[in-house]
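Work through the following exercises with the sequence and the coordinates at hand, and compare each step with the solution given.

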Amino acid sequence: MTPPPPPDDAWIRSHDRLLPESQSLLSSHQSVIAVAISRVNQFDAARLDVEMSAMLKEQLVKVFTLAKPGMMFQYEPELDAFLEFLIWRFSIWVDKPTPGNALMNLRYRDERLSAAAAPQLSGKVRTGLEGPGLSAPQKIWYCVASVGGQYLFSRLQSFSAFRRWGDSEQRPLARRLWTLIQRIEGFYKAASFLNLLSFLYTGRYRNLIEKALRARLVYNSPHMNRSVSFEYMNRQLVWNEFSEMLLLLLPLLNSSAIKNILSPFAKERSSNNKEDTVACPICQVDPATPFIALPCQHRYCYYCIRTRCASAASFRCLRCNEPVVAIQREGVSSGK
């Protein structure tokens, strides 16, 4: 016996019954998207922002080169705060990335609203980087914490150090405030270290300010690859290592021996040059206390030839390359 055929509207009723469940499953799968942002990019962006501030500060300091000495050092915290405020005003406040973030293809995203806005993008191609930027309160608190907080803490540190709050001779209230400042600084460094470990593990929130505001760095464009040329960095590393090697080896070399080795390859100088016979061959100035080397009778400063003879057991004259056996003051017959 064959079963009766289903009614004509059975497919329509089944579609209407299963449609809400399918939409809920689709939205739940699309709302959870793992986004991996390179930690190196985020560190590089922070470093580039620091370098940009240093460049702006250097240009601004040149304006006040003729000002009163010490004035820039006195108002250095205000200058740093002013430059940081300018960078914040023309980048984060107007929904643009900072110079370092722009070079690393990064932008700030409000993590509080990104999950809520995900279901609205179900009909679009999603990359996991969508989401609104920072809100106005987040931008203001970011400025207060990064610019104002850093300025107040630096000023408080300099003021307490100038007033010597940490000395035992100060009033108990000053010592307590100094102890409180040190404890706050220690707690902040410990919290920053723990946040760094969390950042290395999860890749979110480089510092405590971003973590407190739920401001996460994501890629601005999903189709832009990280392209950084390491040619300049390699060249800089080579020159740094070469300069360090020279600084290590040059004090160990005997300059007199090297000069004697290279002297045959030097150009012949005329023997009748008065400056060659009068000036000391070591310091190249007219000797204040002239001494002569024996037996070649060439003229030296006393301190120059005395130092060379004391440092080298077999010192040779720099003019004729003969061994110096004794020194004598010019015009005096007794040797020394």
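**Exercise 1: backbone outliers**

D95 is placed in the loop between α4 and α5 (99-103), with helices (H or I, at least four residues) and strands (E, at least two) taken as DSSP runs numbered from the N terminus. The model is predicted, so local features need pLDDT of at least 70, side-chain atom pairs count only at pLDDT 80 or more, and totals for chains, interfaces and linings use all residues. Residues are numbered from 1 along each chain as its sequence is written, and side-chain values use heavy atoms, with hydrogens and water left out.

Task: determine whether D95 is buried or exposed.

Solution. D95 is not a glycine, yet has a positive phi of about 60°. Its relative accessible area is 57%, so D95 is exposed (buried means under 20% relative accessible area, exposed over 50%, partly exposed in between, with a 1.4 Å probe and protein chains only).

Task: do the same for N105, buried or exposed?

Solution. N105 lies in the loop between α5 and β1 (106-110), and its phi is near 60°, a positive value in a residue other than glycine. With a relative accessible area of 7%, N105 is buried.

**Exercise 2: a cis peptide bond**

Task: state which peptide bond is cis, with omega near 10°, and locate P295.

Solution. The cis bond runs from L294 to P295, and P295 is found in the loop between β3 (290-294) and β4 (299-301).
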